[in-house]
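Please look through the sequence and the model below before reading on. The paragraphs that follow lead you from one region to another, so keep the structure open beside the text.

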Amino acid sequence: MWTLWAEFLPRERRDCTHPIARLQRAIPVVLGVWIALCALVSGAWAGSTVYRVRLDEAIGPASIDFAVRAIARAERDRAEAVVIELDTPGGLDASMRVLVKAILAADVPVVVYVAPAGARAASAGVFITLAAPVSAMAPGTNIGAAHPVGLGGATPDSVMSRKVVNDAAAYARSLAGRHGRNADWAESAVRSSVSLAAREAVRDSVVDLEAESLTDLLRRIDGREVRLVTGSRVLRTEGAIVRDLTMGFRDRALSHLSSPTLAYLLFVGGLLGIAMELYHPGAILPGVVGGISFILALYALQSLPVQWAGVLLILLALVLFALEVKVTSYGILSVGGAASLFAGSLLFFDRESPYRLSLSVILPAVLGLTAFFLFAVAMATRAQRRPAISGREGMIGALGTAVTDLEPEGRVDVHGEYWRARSERPIRAGARVRVIQTEGLTAMVESAEETVPGRS
């Protein structure tokens with residue numbers, strides 16, 4: 001390179017002892033060193049990024065899908081680690097297993113951090129914590145109570161219940177043993193629903209360490225060797241840049257849709273809208289809104305531990321309310337419908353699962369739906385008892401005016417409509433008439449003036 005560079009120098013400066021020649025000869029060396037330093041610095045910064053994901057709700061399809069995609073992004077970006085800040089009462093077994101599989105197969109270290117203070121890793125959260133290569137807890141948190149619930153009404157001694165518990169216990173032991181944690185406690189958390197505070201969990205080797213904050217956690221795990229599917233890796237997390245990954249609009253919408261309260265209200269509201277459309281055909285808006293709400297409720301309910309006995313009781317309530325219109329029960333069907341609706345709402349979700357409905361949600365929904373159907377039944381009953389005012393039946397007894405002389409046939413005006421009419425006695429034009437019956441499109445009338453007392 002110096003030979004090529006020297007060709008462009010004046011002849012008197014080609015001497016290597018000349019100051020300018022020495023400076024120009026050093027330029028390529030300086031550039032090379034600078035490029036090497038930039039490469040080293042950029043490589044160091046590329047490996048010092050930690051992604052943080054917050055799971056602070058019940059474990060469901062939407063939140064787990066977001067967490068799995070976050071792990072995949074961290075792998076693509078070659079992040080140093082992914083920290084899952086966990087605070088959950090539990091959730092669906094199927095969704096939990098999806099995240100556990102993603103953690104076990106990840107090419108990036110996953111750190112589960114039960115935080116902030118007051119948080120918990122219960123039920124499904126226990127399995128997620130045990131699956132992580134590094135697990136930590138903040139002071140004032142707890143972990144445990146992983147006994148399976150929502151078994152569809154199975155009794156504790158039933159074969160199905162024992163199968164589910166045995167499967168969960170073996171799964172917990174396997175996850176704990178993978179990272180050298182307390183497998184006996186993991187099994188007891190499933191079988192006996194035991195729970196531990198953060199300090200006790202560290203003492204009993206349930207989790208790896210206790211950390212005051214995320215910064216403290218990254219400092220304490222720096223230099224720790226973790227085992228991944230692709231081999232061992234030493235964490236370099238102290239002073240790392242923390243990037244928060246948050247849910248987008250789609251993830252938030254699906255997460256809120258999977259809320260048990262919203263799913264229940266959509267279900268009840270959808271049934272109400274469909275019922276309004278059936279009671280008043282042609283209203284359109286209640287039917288459209290009810291249909292959309294009902295379909296969204298079905299989507300939400302397929303990912304929630306629904307007790308189908310509760311769903312059937314709610315549907316039975318609608319049937320009883322509808323029968324009140326056709327059957328004279330003196331209010332018995334309405335009372336039965338309200339009781340069935342209330343019982344179905346209480347049984348909508350398993351009472352021991354993390355998905356529960358409070359009475360502040362159930363009572364307004366039950367009272368509102370019951371009030372609507374009682375109002376609809378009252379209006380339908382009143383309409384049935386009201387005399388007909390249209391059609392052939394509505395013509396009987398109606399008063400009108402003779403447009404032409406009736407001798408015996410002519411035309412009359414009844415309800416603003418011209419009818420062909422016949423009368424047994426002659427009636428002059430302009431006289432008041434009363435319809436006594438109809439024969440096809442002909443009205444049989446009589447003089448209304450003859451029936452008025454005092455008239456001759």
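Which residues do ring pairs link into a cluster? In this model, which is a predicted one, the cluster consists of Tyr264, Phe267, Phe294 and Phe348, joined by pairs of rings. A search of the whole structure finds four aromatic pairs. One of them is formed by Tyr264 and Phe348, whose rings meet edge-to-face, with 5.4 Å from centre to centre and 70° between the planes. This pair links distant parts of the chain, since Tyr264 belongs to helix 11 (residues 260-279) while Phe348 lies in the loop between helix 14 and helix 15 (359-385), 84 residues apart. Tyr264 counts as buried because its relative accessibility is 0%, and Phe348 is likewise described as buried, with a relative accessible area of 0%.

Helix 14 itself, which covers residues 332-346, contains Gly344. This glycine counts as buried because its relative accessibility is 0%. If its neighbours within four places in sequence are left aside, Gly344 is in contact with Gly310, Leu313 and Ile314. Ile362 is 18 residues away from Gly344 along the chain, and the C-alpha atoms of these two residues are separated by 9.9 Å.

We can now turn to helix 7, which runs over residues 183-191 and in which Ala183, Trp185, Ala186, Ala189 and Val190 are buried. Where around the axis do these buried residues of helix 7 lie? They are on the same side of the helix, because the arc that they cover around the axis is only 160°. The elements that cover the buried residues of helix 7 include helix 5 (124-131), strand 6 (142-144), helix 6 (159-178) and strand 7 (195-197). At the N-terminal end, helix 7 is capped by Asn182, which has a side-chain oxygen 3.2 Å from the backbone nitrogen of Asp184. Just after helix 7 comes Ser193, a residue that takes a positive phi of about 55°.

Finally, consider two places where an arginine and the ring of a tyrosine come together. In one of them, the charged end of Arg97 sits over the ring of Tyr171, at 4.1 Å from the centre of that ring. In the other, Arg411 lies over the face of Tyr418, and here the distance from the ring centre is 5.0 Å.

Note on methods. Residues are numbered from 1 along each chain as its sequence is written. This is a predicted model: local features need pLDDT of at least 70, side-chain atom pairs count only at pLDDT 80 or more; totals for chains, interfaces and linings use all residues. Side-chain values use heavy atoms; hydrogens and water are left out. Helices (H or I, at least four residues) and strands (E, at least two) are DSSP runs, numbered from the N terminus. Buried means under 20% relative accessible area, exposed over 50%, partly exposed in between (1.4 Å probe, protein chains only). Contact means heavy atoms within 4.5 Å. Rings of Phe, Tyr and Trp (its six-membered ring) pair if their centres lie within 6.5 Å; planes under 30 degrees apart count as stacked, over 60 as edge-to-face and the rest as tilted. A charge sits over a ring if NZ of Lys or CZ of Arg is within 6 Å of the ring centre and within 35 degrees of the ring normal. The arc is that of the directions from the helix axis to the C-beta atoms. A polar contact is a pair of N or O atoms within 3.5 Å; within protein, one must be able to donate a hydrogen and the other to accept it, and residues adjacent in sequence count only if both atoms are side-chain atoms.
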